[in-house]
Amino acid sequence: MSAALASEPIVRVEGLVAGYDGNVLLQDVNFSVNRGEVFVILGGSGCGKSTLLKHMIGLYQPMAGKVIIDGDDIVTAEGAARRAVLTKIGVMYQSGALFGSMTLLENVRLPLEEYTALDPGAMDLLARMKLKLVGLDQFCGRMPSELSGGMQKRAAIARAMALDPGILFLDEPSAGLDPITSAEIDALIRRLSRSLHITFVIVTHELQSIYAISDRVIMLDKRAKGIIAEGDPKVLRDTSDNPWVRQFFRREAEVAPETT
Amino acid sequence: MTSAVSEAKERPAAQLALEDAADRGLVLRLSGRLDAYSIAGVWREARAAAAGAPNRPIVIDATAVDYCDGGGVAMLVDLLRQPRPADAAIAIRGLKREFQTLLDQFDPHAFAAPPAPPAPQTNTVEEIGRASAQVLRDVRTQVAFIGETSGALWYAFTHPRRVRWKDVWYECEQVGANALPIVTLISFLLGVILAFQAAVPMRQFGAEIFVADLVGLAIIRELGGLMTAILLAGRSGAAFAAEIGTMKVNEELNALTTMGLDPVRFLVVTRIVAAILMVPLLSLYANLVGVLAGGITMLSFNIPLVTYLKEVDSIVDLKDLIAGMVKTPVFAVLIAGIGCLRGLQTETGASGVGISATRAVVSGIVLLVAVDGIFAVIYYILDV
């Protein structure tokens, strides 16, 4: 990642308040993600990682605050403006969320069919190239149910990249995978980040993945209802003033958090 | 490959200009922005130009391309992968370094072949064999299910304290109380339609009063119970299949099994008992509403309600009511049993639960009508 890229925010979360049924889960959350970086949202179970991600991609409406994606607020965008914001992002869900009635090629083709005027042959080629990027081009004709969990996640990344969005949001990309497959996904993320300069926003609590892929992390805590640490994960592990942050990174038994 | 849309507003769309080169070659001069949103027309033109010059060397001049993402790279790969003679090859020049890096990730000749075809289709004989085996498996499953359910119901009958009555009452509410509005509406309309359709021709003979006989007998002996059962097959049978199917997909059934709890006793018995309790009550209620609806309709044909009800009372006796009601517990077992069976047979995948719900409704209704026919024959033989 170049210095120029690193200094330019592409996603900004400003004063976000989020929760369910009147219960506030995240209070006044502020951070930004720089263009081209691999940004990880981490924290313990139930701290609101996935909730934050779903607010960032416009699935949930926040109680207050803004989520600025490349200059446009996804919270207030409606109609054509919202569709335009959504073309800037791609999302990979925890389960992959591939459409079970379609082949891999058809899954990746779907956004191209809906958003572009390309010929069928051109869409096929483009979809195959996306699958090639994630190492699945030889499985174009397979149904998702015929693939392993790791392959499904890679295919979901290919589908998320179909329209060449600048930002990819990944929800628990390594969850439920064996260590080798998990490492393969990590390597894929690093490769795509370096070669295509895609910005990644990743929710995970897999420590090995965090060390392997992240440029920067924020750490959420459910008692603080927000961010309790931000920065390089290795630096946080070694130098954080917050004992709970250090314990988290060292995978030690929980102690009472010290909110900042 | 960074944010496409906002930049698209500021930069020129993809453009293509064709020029003849000095050495009998052809130059495709690309300019502007090459992305999936704006490239469709240029892609077609470029392919047509290349196809129209099969023996001329082609140079793609990309000097004026100021943005190129996966879409643009795909177009270049598409042009490069076309088979051409060696002296009429396609070359790219002037592509900016960052775009060339993207292009270099792909070997155009790796995409020369069409995409891998889907899994080979099986032949007709194999299909018939598979379908037959599936039918046999289905029959075996149904027989096993009937056996298991009968055993579980007998156990529940002999050990009523072991029945999960809290679940039974919950299902009674779902199957019975919550179905009242739809049963009321359909029974009322059934009574109105029957009475009206019969009254119009009968009036020609001055026989409107016999509409009461027709409506009373048809609804109490036959239609009240059958229509209620068909409604519940669509409503509760599908719900049972979907609930149990979702539990199976979520491995909740496996959890029950590994806890040593029998899914049939836990899930099926409660639903069947609830249906056995509720379907006769709903059928009785449907009879009442249907007959009253017929009476209300006959008011418009100047037949007073009292006269109508006296006529119904004269033609319908207790034997008819019993003949109608005896069928309803059997219908209840069919509706709940089929719904639960289809739920237990649910396969994985997003469509699995939907398929189970559909099968529960279709096979439930078919079985209901078939069993109703068998009852009709039995009643005829027994002269009931």
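Q: How many residues of chain B and of chain A does the contact take?
A: It takes 29 from chain B and 35 from chain A. Two residues count as being in contact if their C-beta atoms, placed from the backbone, lie within 7 Å. Bear in mind that this is a predicted model, where local features need pLDDT of at least 70, side-chain atom pairs count only at pLDDT 80 or more, and totals for chains, interfaces and linings use all residues. Residues are numbered from 1 along each chain as its sequence is written, while chains are lettered from A and ligands numbered from 1 in the order in which they are written.

Q: Which helix gives the most to the side of chain B that touches chain A?
A: That's H3(B), with five residues. Helices H1 (5-10), H2 (40-52) and H3 (70-81) of chain B each supply at least two residues there. Helices (H or I, at least four residues) and strands (E, at least two) are DSSP runs, numbered from the N terminus.

Q: What makes up that side of chain B by class?
A: There are 17 nonpolar, eight polar and four charged residues. Here Ala, Val, Leu, Ile, Met, Phe, Trp, Tyr, Cys and Pro count as nonpolar, Asp, Glu, Lys and Arg as charged, and the others, Gly among them, as polar.

Q: How do you know that strands E9 and E10 of chain A pair?
A: Pairing needs at least two bridges found by DSSP between the strands. E9 (residues 216-221) and E10 (residues 226-231) of chain A have five, in the antiparallel sense, so they pair by that rule. A:Leu220 stands opposite A:Ile227 in E10(A). The two strands form a hairpin with four residues between them, and A:Lys225 in the turn has a positive phi of about 55 degrees.

Q: Why is H10(B) called oblique to H11(B)?
A: The axes of H10 (residues 263-299) and H11 (residues 305-315) of chain B cross at roughly 135 degrees and come within 9 Å. That angle makes the pair oblique, because under 35 degrees counts as roughly parallel, over 145 as roughly antiparallel, 65 to 115 as roughly perpendicular and the rest as oblique. Axes are lines fitted to C-alpha atoms, for helices over the stretch in contact, and angles run from 0 to 180 degrees between N-to-C directions.

Q: Which residues meet where H10(B) and H11(B) touch?
A: B:Val291, B:Gly295, B:Met298 and B:Leu299 in H10(B) meet B:Leu305, B:Tyr308, B:Leu309 and B:Val312 in H11(B). By class, that's seven nonpolar, one polar and no charged residues.
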